[in-house]
Amino acid sequence: MQLNSHQEKLWSKEFIIITVCNLLLFLNLQMILPSFPVYTKDAFQASDFTVSLVTSLFALSAIATRFFAAGILRKGKASVILYCGIAIAALSTAGYYWCGSILLLLVMRVLFGIGFGLSSTTLPTMAADVIPQKRMGEGIGYFGLSTSLAMSLGPIIGLSLLGNYGFGTLAAVGTVVLILIFPLAFVNRSAAVLPAPPSAEPLKKANHSTGEALKKIALPGLLNLLLSITYGGLLSFLALFGKEAHLTHISYFFLFNALAIFIIRPFSGKIFDSKGHFSLLTAGAISVMCGLLTLSIASSTGYIILSAMLYGFGYGMIQPSVQAWMIKAVPVEQRGLANSMFFNSLDLGVAAGSMLLGLIAMHQGYAGMYRLSALFMAVFLVLYLAVSLLHKGKQQAEDVRKSA
């Protein structure tokens, strides 16, 4: 049975299975991604810039892939995209085991980015199709909790496997996690049939061109990119920062960061549906800034936990609000495009953050890097407030013109 966005039921079987598949996809990502910098440094004696390539090349390949995925999703081929994406991601994860050089490792990262790009575009698009339109913020918030749970469990599992059993075991477990998606996706294959796109004539009358959709989601996409730059610095260099600052429990950051996101996301989704995104994005940006500044002066486990909670509360307010904003700003047939641009801005931010902040770390150290990364959230706040005030001024002028 095909569900659509007009139904009011949120916790359908389809929504639950799609959310679990998303959990497994991001569990693989979060298990391996924070472990890669340590493994790359130890196994290949790589520089900070080379370490950043492990993250940035994966992200850039995912970005390029999503443009292709969005086009196929508009044709209703969600199951094909999902199966291909998971297969490529699983094979490349298994391939890490046989990488005897940094070059081969980077090739596998590019392939994983392709598989991840296909899968991570398809799953939220399928989720958006089974979430009621009036509960979009709430639904995306709950759907995002699967990512939050992966963020809390993944780094701890991954770093533990790497430390106790080696990178080969980590790659094997990551491969199994992705393989588990196949039976779930098969059971849920009815939800993978997205609505057929409308004919060209109604689209023309409604003026819903791709260009116009991109204009509507440009601002939230840019804001998501700025947030993701700071996250790229955490994924790529947090473990190395822990070594530099002699912090023995640096992995606690991932746990408490995800815990904070897990706590705030259900509330932020409901606030978005009832109040909009203004209060969520302003408060979230301030919270992320405080988290990064606290991390930069961390000298004990207490500081790590405090910084993680502040960052997580802010991240949990901003990211689902931006995603729901982008999905609601476009027509149904453009949701694949909206999700593609959301994750592209995320991955581009992570890639840019990994490379740019890696260069900064070479000259300022990791603590200085995190202090400077807080400036990106200052830009986030200034840009968002300026555009919001401009939009409010135009709206007031339009209201005056209509009443005249």
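This report walks through a few helices, the nonpolar core and a surface patch of one predicted model.

Residue numbers start from 1 along each chain as its sequence is written. Because the model is predicted, local features need pLDDT of at least 70 and side-chain atom pairs count only at pLDDT 80 or more, while totals for chains, interfaces and linings use all residues; side-chain values use heavy atoms, with hydrogens and water left out.

Let's start inside. The largest nonpolar core has 116 residues (a core being a set of buried Ala, Val, Leu, Ile, Met, Phe, Trp, Tyr and Cys residues joined through side-chain atoms within 4.5 Å). Tyr-96, Leu-238, Phe-241, Tyr-311 and Tyr-370 touch the most other members. Helix 14 gives the most to this core, with 19 residues (helices are DSSP runs of H or I, at least four residues, numbered from the N terminus). Phe-241 is in contact with Leu-247, Ile-250, Leu-295, Tyr-366, Ala-367 and Tyr-370, once neighbours within four places in sequence are set aside (contact means heavy atoms within 4.5 Å).

Leu-295 also turns up among the buried residues of helix 12, along with Leu-280, Gly-284 and Val-288, to name some. Helix 12 covers residues 278–296, and its 19 residues should span 27 Å at 1.5 Å a residue; the end C-alpha atoms are 28 Å apart, so the two agree (the expected span is 1.5 Å times one less than the number of residues).

Here is how three residues from helices 5 and 14 compare in exposure (buried is under 20% relative accessible area, exposed over 50%, partly exposed in between, with a 1.4 Å probe and protein chains only).

| Residue | Helix | Relative accessibility |
|---|---|---|
| Leu-103 | helix 5 | 59%, exposed |
| Ala-127 | helix 5 | 0%, buried |
| Asn-339 | helix 14 | 0%, buried |

Ala-127 touches Ile-18 and Phe-143, not counting residues up to four places away in sequence. Ala-127 and Glu-14 are 113 residues apart in sequence, yet 8.1 Å apart in space, C-alpha to C-alpha. With that same sequence limit, Asn-339 touches Thr-121, Pro-124, Thr-125, Gln-323 and Ile-327.

Now for the outside. Leu-103 joins Ile-88, Val-107 and Leu-111 in a nonpolar surface patch with about 320 Å² of accessible area together (Shrake-Rupley method, 1.4 Å probe, only the protein chains shown counting as cover). Patch residues have over 30% relative accessible area and no salt bridge, with nonpolar side chains (Val, Leu, Ile, Met, Phe, Trp, Tyr) joined within 5 Å and like charges within 9 Å; a salt bridge is a side-chain nitrogen of Lys or Arg within 4 Å of a carboxyl oxygen of Asp or Glu. Helix 5 (residues 102–130) brings the largest share of the patch, three residues.

Definitions and conventions: Helix = DSSP H or I, 4+ residues; strand = E, 2+ residues; numbered from the N terminus.
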